[in-house]
Amino acid sequence: MQIQMGRFFFLSFFFLSILCLLPLKPVVALPLHTNSRWIVDEDGSRVKLACVNWPSHQEAAVAEGLSNHPVDLISKRIASLGFNCVRLTLPLFLATDQSLASLTVRQSFQRLGLLESLAGFQADNPSMLDLPLTSAYQAVVSNLADNNMMVILDSHFSEPSFHGNGVFGDQHFNPDLWVKGLTRIATMFSGVPNVVGMSLRNELRCPNQNVKDWYRYMQKGAEAVHSANPDVLVIISGLSDGTDLSFLLNQQLELTFTGKLVLEMHWHGSRVGRAGETSNPNKVCGRVVDSIMRRGGVLLQQGWPLMFVSELGVDDNRHLNCFFGLAAELDFDWALWTLEETNGLMNWNSSFFQRISALQSPLQGPDVSRVRRHKIIFHPSTGLCILRESGSEPLKLGPCTKSEAWGYTPQKLLTVKGTYFCLQAVGLGKPAKLSIICTKPGSNWEIISDSKMYLSTKLGDGTRVCLDVDSSSTIVTDACKCLGRGDMCDPGSQWFKVVDSTNITRRPILQIG
């Protein structure tokens with residue numbers, strides 16, 4: 001199948017504004033390791049991975065977008081959008097099949113008849129055109145390092161293709177060859193400081209999948225990678241398209257090393273099915289979150305580091321808002337998946353990146369003894385938080401970095417920490433206010449619905465209202481919407497998450513001298 005190398009999301013970047021120079025960033029002490037559920041640097045400070053996927057595993061085995069833009073421009077634009085790492089995919093055969101690995105970029109395009117992509121690559125990245133495919137891949141990693149970007153190497157498929165996978169023992173998935181390939185990849189990037197992790201295999205799936213083989217081969221693959229390159233995080237995904245890790249609740253992995261294992265779980269908004277399009281969004285979100293927690297999310301609470309790879313479209317607000325709410329609540333590491341044109345970043349505008357900016361920064365971390373624990377009130381639809389601009393001004397949405405330190409008491413009061421103020425509803429369509437008389441009706445806020453993303457209270461006359469946002473970003477209270485079983489409206493303006501925070505200053509990526 002002929003690849004359209006311009007399908008990748010970087011086409012959209014052409015329409016973004018010209019980059020400003022990025023400020024110098026303090027150093028993160030590499031390599032990374034784990035501390036309970038957190039990924040931390042050598043100083044023990046949390047490093048939250050906020051990644052974007054860059055496919056390099058398809059038929060040409062070349063990083064997408066390089067026929068349209070210089071590699072350095074792509075790297076700088078990724079960094080400018082707030083991401084701190086790239087999950088760079090590759091086909092395993094690049095490390096095990098010499099006839100593939102020895103092809104130059106030019107030859108790879110020519111054998112597939114991709115002459116237009118070849119011409120574009122020559123115009124934008126001429127110095128890479130006659131490199132062997134493995135060297136071209138290394139050149140991308142090196143350029144990402146030049147732009148202070150961490151890299152996770154993702155062994156995506158075996159042979160270069162648009163679709164692939166399966167499970168151990170399938171036609172193109174020889175377990176022994178897989179371990180050999182992982183070893184070669186890990187060895188190739190040993191001593192490359194911005195390569196901070198290796199993902200062993202993407203989305204295992206097949207009717208023949210079984211837990212016994214998973215333990216047997218994942219343990220072999222993990223040991224091989226760690227032996228060849230002990231600096232990298234070893235990232236392991238589960239079964240059923242990477243959506244199921246629940247079996248780890250009953251049986252631990254038996255590994256000779258510690259402090260390097262990270263689990264990977266995939267969130268497929270598109271695979272909720274048609275029921276997700278015709279059902280009440282609160283019920284859909286509640287059902288999806290319950291499933292995710294049951295199938296692996298609960299491992300976070302047991303001290304496992306867990307990274308989510310999401311396949312969500314920019315216009316899919318039901319699933320995006322649900323994902324953003326959970327991402328803020330659990331504060332997990334994540335990587336946006338961008339392979340397909342229909343749900344890739346090439347359709348995403350700059351407002352989307354504002355929405356995810358709050359999730360690119362850590363909200364919590366391993367050392368809570370030196371920080372002030374509190375809550376923030378996060379609005380997934382905008383990526384903003386509730387702020388108090390002044391005593392006389394109404395509450396507004398604004399950057400979460402400027403959020404009030406809220407508390408949520410057993411009496412269900414939302415209080416501003418360090419003050420006597422609590423959040424209070426006044427009436428339908430009216431701005432919510434802060435009051436010091438917290439015994440009045442409208443002061444007790446319940447978290448309701450299957451989505452657990454409404455903040456609701458009762459007025460003096462018994463009317464139930466929900467927190468909402470008006471067109472000027474003012475926080476108001478209004479009739480709760482979309483709660484009925486048959487309601488299929490968009491509840492986004494009324495979805496809020498009361499999220500734990502520890503006021504951790506964002507740790508930037510790295511600086512390679």
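**Exercise 1. Is Arg 106 buried, partly exposed or exposed, and at what relative accessibility?**

Start with the ground rules. This is a predicted model: local features need pLDDT of at least 70, side-chain atom pairs count only at pLDDT 80 or more, and totals for chains, interfaces and linings use all residues. Residues are numbered from 1 along each chain as its sequence is written, and side-chain values use heavy atoms, with hydrogens and water left out.

Step 1. Set the classes: buried is under 20% relative accessible area, exposed is over 50%, and partly exposed is in between (1.4 Å probe, protein chains only).

Step 2. Apply them. Arg 106 has 24% relative accessibility, so Arg 106 counts as partly exposed.

**Exercise 2. Find the salt-bridge partner of Arg 106 and place both residues.**

Step 1. Use the cut-off: a side-chain nitrogen of Lys or Arg within 4 Å of a carboxyl oxygen of Asp or Glu. Arg 106 pairs with Asp 130, and the closest N and O atoms are 2.8 Å apart.

Step 2. Place the pair. Arg 106 lies in helix α5 and Asp 130 in the loop between α6 (115-124) and α7 (133-146), so the bridge ties together parts 24 residues apart in sequence. Helices (H or I, at least four residues) and strands (E, at least two) are DSSP runs, numbered from the N terminus.

Step 3. Check the partner. Asp 130 is partly exposed, with a relative accessible area of 47%.

**Exercise 3. Describe the surroundings of Ser 108.**

Step 1. Locate Ser 108: helix α5 (residues 105-111).

Step 2. Classify. Its relative accessibility is 0%, so Ser 108 counts as buried.

Step 3. List contacts (heavy atoms within 4.5 Å). Neighbours within four places in sequence aside, Ser 108 touches Glu 59, Ala 60 and Leu 133.

Step 4. Look for a polar contact. The cut-off is a pair of N or O atoms within 3.5 Å; within protein, one must be able to donate a hydrogen and the other to accept it, and residues adjacent in sequence count only if both atoms are side-chain atoms. The side chain of Ser 108 reaches the backbone oxygen of Ala 60 at 2.7 Å.

**Exercise 4. Trace two salt bridges between buried residues.**

Step 1. Take Glu 264 and Arg 87, with closest N and O atoms 3.0 Å apart. Glu 264 sits in strand β8 and Arg 87 in strand β4 (residues 85-90), so the pair ties together parts 177 residues apart in sequence. Glu 264 is buried at 1% relative accessible area. Arg 87 is buried at 0%.

Step 2. Take Asp 333 and Arg 46, a salt bridge at 3.9 Å, N to O. Asp 333 is in strand β10 (residues 333-336), Arg 46 in the loop between β2 (38-40) and β3 (50-54), 287 residues apart. Both residues are buried.

Step 3. Widen the view. Arg 46, Lys 48, Asp 331 and Asp 333 are linked in a network of salt bridges. The structure holds 13 salt bridges.

**Exercise 5. Test the length of helix α11 and find its N-terminal cap.**

Step 1. Compute the span as 1.5 Å times one less than the number of residues. The 15 residues of α11 (residues 281-295) should span 21 Å, and the end C-alpha atoms are 21 Å apart, which agrees.

Step 2. Inspect the N-terminal end. Asn 280 caps α11, with a side-chain oxygen 2.9 Å from the backbone nitrogen of Asn 282.

Step 3. Pick out buried residues in α11, including Val 284, Val 288 and Ile 292.
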